[in-house]
Amino acid sequence: MSDAMKSLQAKVGAVADGAFGKNTANAIAKHYDLSRNRAAHLLGQAHHESGGFKRTREGLYYSTPERLMAVWPSRFKTVEDAMPYTKDPQKLANKVYNGRMGNAEDSNDGWLYSGKGFLQCTGKSNVRAFASDMRLPEVMENPMLLENEYAFESAIWFFRANNLFKLCDQGVDTDTIKAITKRVNGGYHGLKDRQEQTTKIYEWLG
């Protein structure tokens, strides 16, 4: 588990051992005043997106140009295009993210505001919105806070900002999980695991 989970456990009054389970799920729901439905959906999606609460930073290390071309086909058309960005996460982040999502061209914004948190808050404009809505101006100066201290808060913010809690209130069923997955992922990648995690956590919270 990541240090972010230990930090979250300490914050909500659970044993800070980094192991996510029933007691931690219930402590999180209580601390953040989340209903059973809302907590199950949020934690289920966050669990999948973070690889079981292990990752809080976007993985941007690619060892081969072919993999880069598969992941970013519009950015890298040939092996020659992709080669300079292999094994260099910072250079890659600035290449693919600068000039969009509030990131300035010819800057280090792409790297500085690359995805962080349990649901990967990405881009300067999104980080600014989070910092403003949550009244945490220090995050703009130090986005690294999203990797640990505010990894879960950024996930809550994402659900609020995208009106996902209204969907959560409809129930914990296949159609609702699928609809939320579409909003979180942009597609249905990992749907089976998201369903399993959400359902399991819902049972824990009963």
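Colour the chain by secondary structure: the protein chain shows 13 helices and zero strands. This is a predicted model. Following the sequence from start to end, the pattern reads α-α-α-α-α-α-α-α-α-α-α-α-α.

**Whole chain**

Stay with the full view and show the C-alpha trace. Its extent along the principal axes is about 55 × 35 × 30 Å. The radius of gyration is 18 Å, which agrees with the value near 17 Å for a compact globule of 206 residues.

Switch on the surface. The accessible area of the protein chain is about 10,100 Å², and carbon and sulfur atoms account for 47% of that surface. Of the 206 residues, 47% are buried. Among contacts with a separation of 6 or more, 51% join residues 24 or more positions apart.

**The largest pocket**

Next, select Glu-49, Glu-58, Gln-120, Val-184 and Asn-185. Of the 20 residues that line the largest pocket, these lie nearest its centre. The pocket has a volume of about 770 Å³.

Now highlight three helices: H3 (36–49), H10 (151–161) and H12 (174–185). Each of them supplies at least two residues of the pocket lining. Colour the lining by residue class to see eight nonpolar, seven polar and five charged residues.

**The largest cavity**

Rolling a probe the size of a water molecule over the atoms shows where empty space is left. How many cavities of 30 Å³ or more does a search of the whole structure find? The search finds one. The largest cavity has a volume of about 30 Å³.

To locate the largest cavity, select Leu-119, Gln-120, Cys-121, Ser-154, Ala-155, Trp-157 and Phe-158, which line it. Five residues of this lining are nonpolar and two are polar, with no charged residues. Gln-120 deserves a second look: it lines the cavity, and it is also among the residues nearest the centre of the largest pocket.

**Ala-29**

Finally, move to helix H2 (residues 22–31) and pick Ala-29. Is Ala-29 buried or exposed? Its relative accessible area is 11%, so Ala-29 counts as buried, the cut-off being under 20%.

Show the neighbours of Ala-29 while leaving out residues up to four places away in sequence. Ala-29 then touches Leu-34, Ala-39 and Leu-205. One of these contacts, Ala-39, falls within helix H3 (36–49).

For a last distance, draw a line from the C-alpha of Ala-29 to the C-alpha of Lys-124. The two residues are 29 Å apart in space and 95 residues apart in sequence.

Notes
Residues numbered from 1 in each chain as written. Predicted model: local features only at pLDDT ≥ 70, side-chain atom pairs only at ≥ 80, totals over all residues. Heavy atoms only, no water. 1 Å grid on protein atoms, 1.4 Å probe; cavity = no way out; pocket = protein on both sides within 12 Å on 5 of 7 lines; lining within 4 Å. Points joined across faces, edges and corners; volume = space filled by probe spheres on them. Helix = DSSP H or I, 4+ residues; strand = E, 2+ residues; numbered from the N terminus. Nonpolar A, V, L, I, M, F, W, Y, C, P; charged D, E, K, R; others polar. Rg over C-alpha atoms; globule rule 2.2 N^0.38 Å. Buried < 20%, exposed > 50% of the residue type's maximum accessible area, 1.4 Å probe, protein only. Contact = heavy atoms within 4.5 Å. Areas by Shrake-Rupley, 256 points an atom, 1.4 Å probe, with all protein chains shown as cover.
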